[in-house]
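I opened a fresh page today for a structure I had not met before. Come along as I look things up, one entry at a time.

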Amino acid sequence: MSTSVGALGSGLGGGVELTVKNLAIEMHRRGHEIQLVAPVGSELLDFLIAQIPGNLQTTAQTQEISDPIAMPADPVLANMWSHARHVQAKYDLIFNIAYDWLPFYLTPWFQTPIAHFISMGSLISALDQEMGKVAIDFPGSIGVCSRTQAATFEFAEHCRILGGAGLDLGVYEYRANPSNALAFLGRISPEKGLEDALAAAKATGLILKIMGKVQDEAYWQRLQSEYAGCFEYCGFLDTAAMQQIVGDCRALLMTPRWVEAFGNVAIEALACGVPVISYARGGPTEIVRDGVTGFLVEPDSVAGLVKAIGRLGEIDRSACRQQAEQEYSLSAWGDQIESWFDSLIVTGEKYIDY
Ligand code: HBI
């Protein structure tokens with residue numbers, strides 16, 4: 001059950017799109033039958049996708065913590081879950097990655113177990129409450145990306161830490177000798193702090209190569225005029241094209257204003273041998289080995305970013321690729337996910353109703 005904020009392949013789902021893609025690939029490789037349920041216009045390799053019509057959800061990160069739960073007219077989210085209700089008997093498990101109230105509220109109404117993967121830290125109290133109910137009433141059914149993300153929820157100790165995704169490392173080419181540019185990967189939206197990455201690039205005279213979907217037009221217009229000449233916008237690219245550009249950069253800059261749940265882009269950069277310079281906030285603090293595969297910088301400090309850029313000569317790029325191979329392979333992540341799923345699937349022989 002995909003994200004409700006955009007069709008798969010649109011880029012609006014951010015890191016969730018890589019998570020869904022690699023999960024589908026890996027579970028298929030392990031012999032599981034999969035049906036994807038996603039907003040109309042979705043595409044993902046040649047997987048069967050139930051294309052669901054309706055209006056997209058508002059992105060949770062643009063809402064206030066005390067906001068009421070909102071659903072548009074003809075909500076794609078509700079239509080997705082009506083579809084799930086009709087087909088649930090055909091499947092052993094439903095995997096949900098929508099960061100929305102409805103899937104959690106509906107959990108007790110479903111006969112098929114639901115594995116909820118929460119893709120961001122706490123954002124909206126009313127949503128946290130519903131997630132917390134499921135965490136208690138359906139033990140083990142909540143998966144998250146990182147410990148720091150879990151810690152933003154009151155039900156942290158009920159979360160299973162899974163990482164944000166695993167990578168098909170063959171898709172990422174290791175590059176030893178980069179050009180003199182920096183990379184920024186991600187949705188162009190205020191919570192990603194792109195202005196700080198641009199300020200650091202400007203201060204060091206290195207071009208910032210920006211890749212990702214423009215999600216907040218006004219924000220992007222403002223940055224383009226303020227930092228004209230400091231960046232090259234490469235658009236929202238597929239993995240093969242993206243890794244080609246990232247691999248040629250001296251470092252990936254991550255400047256999250258929020259508790260980044262994981263940072264799929266960090267492990268993608270490492271897979272290309274590219275060090276990660278990130279604010280010490282959220283998921284990247286559990287990924288970057290400070291001084292070895294990148295640098296963790298005092299949050300919101302552009303000066304700290306500039307200092308770290310000056311130290312890139314200390315990093316052995318092959319150590320970055322090695323970390324991706326040791327910790328972020330798709331098969332290792334697949335083991336974690338599959339054992340999580342197994343723990344939730346009620347198989348006949350265990351619970352026979354007399
Ligand atoms: N907002 N309401 C809502 N629902 C989602 O599924 C959602 C979101 N905001 C962002 C998002 N998903 C993903 O792009 C990130 O979790 C990566």
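**Entry 1: a pair of residues to start from.** I began with leucine 182, and I found that it stands opposite alanine 251 in strand 10. The model is a predicted one, so I keep that in mind for each entry, because local features are taken only where pLDDT is at least 70.

**Entry 2: the strands around that pair.** I then looked up how strand 7, residues 181-185, is joined to strand 10. I found two bridges, and the two strands run parallel. Strand 10 is also joined to strand 11, residues 276-279, this time by three bridges, and again the pair runs parallel. Here I noted methionine 254, which stands opposite serine 278 in strand 11. As a reminder to myself, strands of a sheet pair through backbone hydrogen bonds, either parallel or antiparallel.

**Entry 3: the faces of strand 10.** Are the side chains of strand 10, residues 251-254, buried or exposed? I checked both faces and found them covered. Ala251 and Leu253 are buried on one side, and Leu252 and Met254 are buried on the other.

**Entry 4: just before strand 10.** I stepped back along the chain to cysteine 249, in the loop between helix 8 (239-246) and strand 10. Cysteine 249 has 0% relative accessibility, so it counts as buried. Which residues does cysteine 249 touch, leaving out those up to four places away in sequence? My list reads Pro178, Ala181, Leu182, Ala183, Lys209, Val274 and Arg317. I was pleased to meet Leu182 from my opening entry among them. I also looked up phenylalanine 184, which is 65 residues from cysteine 249 along the chain. The C-alpha atoms of these two are separated by 9.8 Å.

**Entry 5: into helix 8.** Next I picked glutamine 243, which has its place in helix 8. Glutamine 243 has a relative accessible area of 5%, which is under the 20% cut-off, so it is buried. Setting aside residues up to four places away in sequence, I found that glutamine 243 touches Val171, Tyr172, Glu173, Arg175 and Cys272.

**Entry 6: a sheet of four strands.** I moved on to an open sheet and wrote down its strand order as 3-4-5-6, with parallel pairing. Its edge strands are strand 3 (94-96) and strand 6 (160-161), each of which pairs on one side only. Strand 3 is joined to strand 4 by three bridges, and asparagine 96 stands opposite histidine 116 in strand 4. At the other edge, two bridges join strand 5, residues 142-144, to strand 6. Glycine 143 has arginine 160 as its bridge partner in strand 6.

**Entry 7: the faces of strand 4.** Which residues of strand 4, residues 114-117, lie on each side? I found Ile114 and His116 on one side, with Ala115 and Phe117 on the other. These four are all buried, and both faces of strand 4 are covered.

**Entry 8: two aspartates with a positive phi.** Most residues other than glycine have a negative phi. I therefore made a note of aspartate 74, whose phi is positive at about 45 degrees although it is not a glycine. Aspartate 74 has its place in the loop between strand 2 (49-52) and helix 2 (76-87), and it is partly exposed, with a relative accessible area of 47%. I noted aspartate 300 as well, with a positive phi of about 65 degrees. Aspartate 300 is found in the loop between strand 12 (294-297) and helix 10 (302-310). With a relative accessible area of 39%, aspartate 300 is partly exposed.

**Entry 9: the whole chain.** I finished by stepping back. How many helices and strands does the protein chain have? I noted 12 helices and 12 strands. The C-alpha trace spans about 70 × 40 × 40 Å along its principal axes. A compact globule of 354 residues would have a radius of gyration near 20 Å, and the protein chain has 20 Å, so the two agree. Of the 354 residues, 56% count as buried. Among contacts with a separation of 6 or more, 66% are between residues 24 or more positions apart. The protein chain exposes about 14,900 Å², and carbon and sulfur atoms supply 52% of that. My last note is on charge: 24 side chains are positive and 41 are negative, and the centres of the two sets lie 5 Å apart.

Note on methods:
Residues numbered from 1 in each chain as written. Predicted model: local features only at pLDDT ≥ 70, side-chain atom pairs only at ≥ 80, totals over all residues. Heavy atoms only, no water. Rg over C-alpha atoms; globule rule 2.2 N^0.38 Å. Buried < 20%, exposed > 50% of the residue type's maximum accessible area, 1.4 Å probe, protein only. Contact = heavy atoms within 4.5 Å. Areas by Shrake-Rupley, 256 points an atom, 1.4 Å probe, with all protein chains shown as cover. Lys, Arg positive; Asp, Glu negative; His and termini not counted. Charge placed at Lys NZ, Arg CZ, Asp CG, Glu CD. Pairing = 2+ DSSP bridges.
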